[in-house]
Amino acid sequence: SVWGRSCVCALAVVFCFFFFNAAAPTEIYTRSLHDALPISTAHLFVREGAKVVLTDIRDELGERAAVAFRDRGADVLYRHLDVTSEADWKQAVADTLEAYGRLDILFNNAGIAVPGNIENLTEETWDRELAVHGKGAFLGPKTPIPAMRRGRGGLTTGRTSRGQGTG
């Protein structure tokens, strides 16, 4: 297996931890659910028996993705998560713990790409991009650590870029 039978994954922005022997891994996934990488990664965890929590700010898209996984027999939930909101992070972790009793892995895949070039970029758009890539990368690993420590440990990993543009 790619991750080994000890993989446990949980909560938004894909929390994935693979320590010890986990009967059913739990994973949390964050935004960019329209991107191939998060869905492909979620498929890998599901294939290995992980329980997955998908997250995004686009609730309709997130629910559709979770339903598609559940229709194939996977144990997948969807939760709303704005990675720039500490309250959203805390709620996603709490929801994961309530549903699965533990959180082992976080795969933080939140990122945005702003079209155009710097000449056309507004300060508001720039601030949003910095918040998603900076604050999201800070809050993502920070928030689940206490839950992981209370459990059997865990792993956080992240990817904040959505690609490079030109302009």
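**A walk through the fold and two of its helices**

The accessible surface of the protein amounts to about 8400 Å², and carbon and sulfur atoms contribute 52% of that area. The model is predicted, and the values below are computed from it. The chain has 167 residues, of which 43% count as buried. Its secondary structure consists of five helices and seven strands. In sequence order these elements follow the pattern β-β-β-α-β-α-β-α-β-α-α-β. Contacts can also be sorted by separation along the chain: among those between residues at least 6 apart in sequence, 66% join residues at least 24 apart.

Helix α2 covers residues 59-71. Its 13 residues should span 18 Å at 1.5 Å a residue, and the end C-alpha atoms lie 18 Å apart, so the expected and computed lengths agree. Four of its residues, Gly-62, Ala-65, Ala-66 and Phe-69, are buried. They cover an arc of only 95 degrees around the axis, which means that they sit on the same side of α2. The face turned away from this buried side carries Glu-60 and Asp-71, both exposed. After the helix comes Gly-73, with a positive phi near 90 degrees.

Helix α4 runs over residues 123-142 and has 20 residues. The distance from its first C-alpha to its last is 27 Å, close to the 28 Å expected at 1.5 Å a residue. The helix nevertheless bends, by about 35 degrees, at Gly-136. Gly-136 is also one of the buried residues of α4, along with Glu-129, Val-132, His-133, Leu-139 and Gly-140. The cover over these buried residues includes helix α3 (86-100) and strand β6 (105-108).

Beyond the end of α4, the loop leading to α5 (145-150) contains Thr-143. Is this loop residue buried or exposed? The cut-off for burial is a relative accessible area under 20%. Thr-143 has a relative accessible area of 13%, and therefore counts as buried. Its surroundings can be described through two kinds of neighbor. The side chain of Thr-143 reaches back to the backbone oxygen of Leu-139, at 2.7 Å. Leu-139 is itself among the buried residues of α4. Leaving aside residues up to four places away in sequence, Thr-143 touches Trp-89, Lys-90 and Val-93. Helix α3, which spans 86-100, is part of what covers the buried residues of α4.

How values were computed:
Residues are numbered from 1 along each chain as its sequence is written. This is a predicted model: local features need pLDDT of at least 70, side-chain atom pairs count only at pLDDT 80 or more; totals for chains, interfaces and linings use all residues. Side-chain values use heavy atoms; hydrogens and water are left out. Helices (H or I, at least four residues) and strands (E, at least two) are DSSP runs, numbered from the N terminus. The expected span of a helix is 1.5 Å times one less than its number of residues. The bend at a residue is the angle between axes fitted to the seven residues ending there and the seven starting there. Buried means under 20% relative accessible area, exposed over 50%, partly exposed in between (1.4 Å probe, protein chains only). Contact means heavy atoms within 4.5 Å. The arc is that of the directions from the helix axis to the C-beta atoms. Accessible areas come from the Shrake-Rupley method with a 1.4 Å probe; for residues, only the protein chains shown count as cover. A polar contact is a pair of N or O atoms within 3.5 Å; within protein, one must be able to donate a hydrogen and the other to accept it, and residues adjacent in sequence count only if both atoms are side-chain atoms.
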